[in-house]
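Please open the structure in a viewer and keep the sequence panel visible. This tour proposes a series of selections and states what is found at each one.

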Amino acid sequence: MSYSPYFNPDLETMSRAELEALQLERLQKTVRHCMNAEFYRKKFAELGITPDDIKTLDDVRRLPFTTKDDLRENYPFGLACVPLRDCTRLHSSSGTTGNPTVVLHTQKDLDEWATAVARCLWMVGSRPDDVFQNSAGYGMFTAGLGFQYGAEKVGMLTVPAAAGNTLRQIKFIKDFGTSVLHAIPSYASRIYEVMKEQGVDPRRDTKLRVLCIGAEPHSEEQRQRIEQNLGVKAYNSYGISEMMGPGVAFECQEQNGLHIWEDYFIVEIIDPVTLEPVPDGELGELVITTINREAMPLLRYRTRDLTRFLPGECPCGRHHRRLARLQGRSDDMIILKGVNIFPIQIEKILLKFKELSTDYLITLETKDEGDVMTIEVELSQLFTDDYTQLKTLEREITRQLKDEILITPRLRLVTKGTLAVSDEKKAVRVKDLRKLF
Ligand code: COA
Ligand code: ZN
């Protein structure tokens with residue numbers, strides 16, 4: 001059977017002029033809809049604007065920015081633009097030390113999200129005859145249900161394997177004939193290492209063909225290594241839970257930049273200091289306005305992700321602009337094993353223990369078994385050197401950290417004065433030794 005190269009041919013290949021007309025119509029509708037939330041009414045009043053001021057696409061720059069702090073401060077439902085009874089799902093970030101971020105969806109939002117992911121999966125060559133396996137965490141992680149519904153919309157047989165248990169992942173890949181796999185890049189490498197240990201040759205023993213990798217910054221070299229090792233084509237995926245999750249931007253088969261779906265989003269790239277647009281093609285912070293969302297539209301959301309627009313037309317026929325692979329963050333967020341972590345979450349847990357001093361150092365490294373986080377923390381002067389007591393303390397701190405940041409760090413309690421972290425300048429708290437870019 002022969003299929004169209006596009007999942008939504010009309011929307012994916014429409015001309016720039018048609019796309020921009022659709023964007024303006026959706027932007028105006030979204031801005032009016034935002035007035036259902038007290039949060040936006042106040043922001044508009046502060047700026048002295050009304051929805052009627054949005055007459056052209058460039059007027060998006062008159063709108064207020066939104067940030068993660070806005071979501072936290074208006075936790076949990078302050079940005080909802082529909083009554084809660086019209087919402088059918090929420091996703092939330094990890095952590096309990098501060099307010100997590102909450103994103104609400106109506107059923108239409110969920111359908112649109114699934115369509116966006118289906119477009120991405122189709123764009124990289126998945127078709128209904130494929131078997132799709134997802135090694136993302138399910139539950140609150142948007143990559144679990146996000147890829148799940150997208151892959152179902154494509155019509156693939158789906159294997160919701162979820163995170164972890166690598167031997168079982170490999171058994172599923174072999175036994176079910178998995179041809180399309182979603183994994184974060186460091187986990188794809190881990191799967192390959194375990195396959196080698198088990199004597200499994202991906203080319204001989206599996207049908208793996210397409211790999212979707214995202215949620216973790218990685219270099220072109222890393223991609224190529226993964227492709228060679230697993231005998232697949234690996235495509236870069238960009239998602240952000242505030243926008244919905246995966247499905248925001250994805251590479252096409254040209255593997256040259258990520259098309260961002262501009263019928264869903266208006267995209268700006270700004271200087272994170274001046275907040276002005278950077279010259280076209282230069283690196284800056286990605287700012288996204290949702291124009292296709294009911295429950296919780298976000299205006300000019302500052303993603304803190306750094307990227308740039310790629311110039312020119314893509315030979316694949318889609319006119320949605322392309323972003324370069326993500327180049328890092330304009331804040332201090334750590335991404336490890338596909339989990340987003342802020343150092344302040346770790347600090348708040350450590351501060352709860354009177355046995356600890358305030359000096360700590362977080363080190364991120366790539367080891368054979370995957371990426372690991374080591375937290376070294378100084379004991380306070382008064383605390384014991386009794387081994388059993390120290391081990392008990394270590395276990396309790398590790399347990400509380402895991403509850404907060406979802407991954408298990410390696411913890412090392414060290415004697416006071418060992419860490420040279422508190423010089424006169426701002427203390428260096430995070431050392432990232434991974435080769436990311
Ligand atoms: N995806 C899938 N599995 C992963 C993983 C990842 N990002 N990172 C690690 N794993 C595997 C490990 O290889 C290990 O497998 P094993 O059972 O074969 O040994 C298992 O998960 C546990 O890993 P470990 O490092 O000991 O656990 P942890 O306590 O640090 O927690 C996870 C790790 C997997 C539970 C946590 O990182 C997670 O849920 N990650 C998924 C995040 C995600 O899906 N984010 C969205 C992506 S878009
Ligand atoms: Zn393309």
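**First stop: a residue in a helix**

Select I191, which is buried, with a relative accessible area of 1%. Here, buried means under 20% relative accessible area, exposed means over 50%, and partly exposed lies in between (1.4 Å probe, protein chains only). The model is a predicted one, in which local features need pLDDT of at least 70, side-chain atom pairs count only at pLDDT 80 or more, and totals for chains, interfaces and linings use all residues. Residues are numbered from 1 along each chain as its sequence is written, chains are lettered from A and ligands numbered from 1 in the order in which they are written, and side-chain values use heavy atoms, with hydrogens and water left out.

Now extend the selection to residues 185-197, which form helix α8, the helix that holds I191. Helices (H or I, at least four residues) and strands (E, at least two) are DSSP runs, numbered from the N terminus.

Which residues are in contact with I191, leaving aside its neighbours within four places in sequence? They are T166, I170, I173 and L181. Contact means heavy atoms within 4.5 Å. Next, select G155 as well: it lies 36 residues from I191 along the chain, and the two C-alpha atoms are separated by 25 Å.

**Second stop: the whole chain**

Return to a view of the full protein chain, which has 12 helices and 20 strands. Its radius of gyration is 23 Å, close to the 22 Å that the globule rule gives for 437 residues, so the chain is as compact as a globular protein of that length. The radius of gyration is taken over C-alpha atoms, and the globule rule is 2.2 Å times the number of residues to the power 0.38. Along the principal axes, the C-alpha atoms fill a box of roughly 70 × 60 × 45 Å.

Of the 437 residues, 56% are buried. Among contacts in the chain with a separation of 6 or more, 66% are between residues 24 or more positions apart.

**Third stop: strand β17 and its partners**

Select residues 356-367, strand β17, together with residues 370-379, strand β18; the two pair in the antiparallel sense over 9 bridges. Two strands pair if DSSP finds at least two bridges between them. A hairpin through 2 residues joins β17 to β18. To find one of the bridges, display I362, whose partner in β18 is I375.

Then add residues 430-432, strand β20, which runs parallel to β17 and is joined to it by 3 bridges. At this junction, L364 stands opposite D432 of β20.

**Fourth stop: strand β11 and its partners**

Select residues 284-290, strand β11. How many of its 7 residues are buried? The count is 7 of 7, and the strand is thus mostly covered.

Add strand β10 (residues 265-270), which runs antiparallel to β11 and is joined to it by 6 bridges. There, I266 has T289 of β11 as its bridge partner. Then add strand β12 (residues 301-307), also antiparallel to β11, with 4 bridges between them. In this pairing, I288 stands opposite Y301 of β12.

Remain with β12 and select R304, which lies in that strand. Its phi is near 70°, a positive value in a residue other than glycine. R304 is partly exposed, with a relative accessible area of 23%.

**Fifth stop: strand β3**

Select residues 131-134, strand β3, and show the side chains. V131 and Q133 point one way, F132 and N134 point the other way, and all are buried. Next, add residues 157-159, strand β4, which runs parallel to β3 with 3 bridges between them. The bridge partner of F132 in β4 is T158.

**Last stop: two loops**

Select Y75 and P76, where the peptide bond from Y75 to P76 is cis, with omega near -5°. P76 is placed in the loop between α4 (68-73) and β1 (87-92).

Finally, select L406 in the loop between α12 (387-405) and β19 (410-414). What is the phi of L406? The angle is near 75°, a positive value in a residue other than glycine. At 38% relative accessibility, L406 counts as partly exposed.
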